[in-house]
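Please consider how helices pack against one another and how a charged side chain may be placed among its neighbours. The structure below serves as the example.

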Amino acid sequence: MIRVVVADDHEVVRGGFAGLLATQPDISVVGTAADGAAAVEVCAARSPDVVLMDVRMPGMDGIEATRLLTATAAHPRVLILTTFDLDEYVYDAIRAGASGFLLKDVRAETLFDAVRVIAAGEALLAPTVTRRLIGEFARQHRPSAPAPVALSALTPRETQVLRLVAEGLSNPEIAARLVVTEETVKTHVSRMLTKLGLRDRTQAVVAAYETGLVVPGATRD
């Protein structure tokens with residue numbers, strides 16, 4: 001059973017998502033919250049696997065709540081809810097530790113699948129939007145110095161895989177590009193994440209852009 005907390009300051013939205021999720025036999029909504037501080041409290045008490053987190057909330061916003069939750073020992077997976085696919089706060093939320101994002105007008109089946117994907121430990125940044133989303137925010141949030149990510153610890157193949165992940169390719173697409181099996185790609189991704197101390201593919205994409213491994217607007221193999 002996947003335990004979920006829904007955090008949104010709009011009661012109708014909060015109740016709507018909770019009601020939809022409650023229809024699934026493998027998903028249990030264990031709590032709801034109207035702001036970030038309440039979300040942190042509810043998560044401490046209920047230990048969810050996944051948190052649906054709105055970004056814009058009064059008091060403590062979703063970004064700060066995400067940062068606090070992902071820093072805890074329980075570290076639930078956070079799925080950001082946003083109104084626009086290029087919401088200016090999405091990138092900051094991902095840097096705070098979120099594992100992906102969903103638009104609030106998402107279809108029910110997509111919502112259910114997203115919760116299951118996040119609960120399974122995968123990142124939810126669809127390849128079709130990875131370049132557009134992260135690339136756009138990489139332009140807007142260019143750091144003054146590269147993030148302290150030890151890319152030198154990666155093998156040439158792992159570096160190549162990281163670059164392709166950041167360019168928006170899925171595992172099957174990377175396997176086809178490199179002419180290897182999908183299992184081999186999964187192994188490279190796992191080792192790359194471990195070496196860089198990253199939790200998932202979402203953080204890997206951000207790291208690739210912030211270190212300059214991938215330059216917005218450029219495509220490299």
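Which residues does R14 touch, not counting residues up to four places away in sequence? In this predicted model, R14 touches V6, D8, D9, T32, A33 and A34 under that condition. The residue itself lies in helix 1. R14 is buried, yet a salt bridge is absent. The nearest side chain of opposite charge is that of E11, 4.9 Å away; because a salt bridge requires a side-chain nitrogen of Lys or Arg within 4 Å of a carboxyl oxygen of Asp or Glu, this pair does not qualify.

Helix 1, which spans residues 11–21, also packs against another helix. Its axis and that of helix 5 (residues 108–119) come within 10 Å and cross at roughly 75°, which means that helix 1 is roughly perpendicular to helix 5. On the side of helix 1 the contact is formed by F17, L20 and L21, and on the side of helix 5 by A108, L111, F112 and V115. By class, seven residues of this contact are nonpolar, with no polar and no charged residues.

A second crossing involves helix 7 (residues 156–166) and helix 9 (residues 182–196), whose axes come within 9 Å and cross at roughly 95°. Helix 7 is therefore roughly perpendicular to helix 9. Helix 7 contributes R157, E158, V161, L162 and V165 to the contact, while helix 9 contributes H188, V189, R191, M192, K195 and L196. The residues of this contact comprise six nonpolar, one polar and four charged.

Note on methods: Residues are numbered from 1 along each chain as its sequence is written. This is a predicted model: local features need pLDDT of at least 70, side-chain atom pairs count only at pLDDT 80 or more; totals for chains, interfaces and linings use all residues. Side-chain values use heavy atoms; hydrogens and water are left out. Axes are lines fitted to C-alpha atoms, for helices over the stretch in contact, and angles run from 0 to 180 degrees between N-to-C directions. Helices (H or I, at least four residues) and strands (E, at least two) are DSSP runs, numbered from the N terminus. Angles under 35 degrees count as roughly parallel, over 145 as roughly antiparallel, 65 to 115 as roughly perpendicular and the rest as oblique. Contact means heavy atoms within 4.5 Å. Ala, Val, Leu, Ile, Met, Phe, Trp, Tyr, Cys and Pro count as nonpolar, Asp, Glu, Lys and Arg as charged, and the others, Gly among them, as polar. Buried means under 20% relative accessible area, exposed over 50%, partly exposed in between (1.4 Å probe, protein chains only). Lys and Arg count as positive and Asp and Glu as negative; His and the chain ends are not counted.
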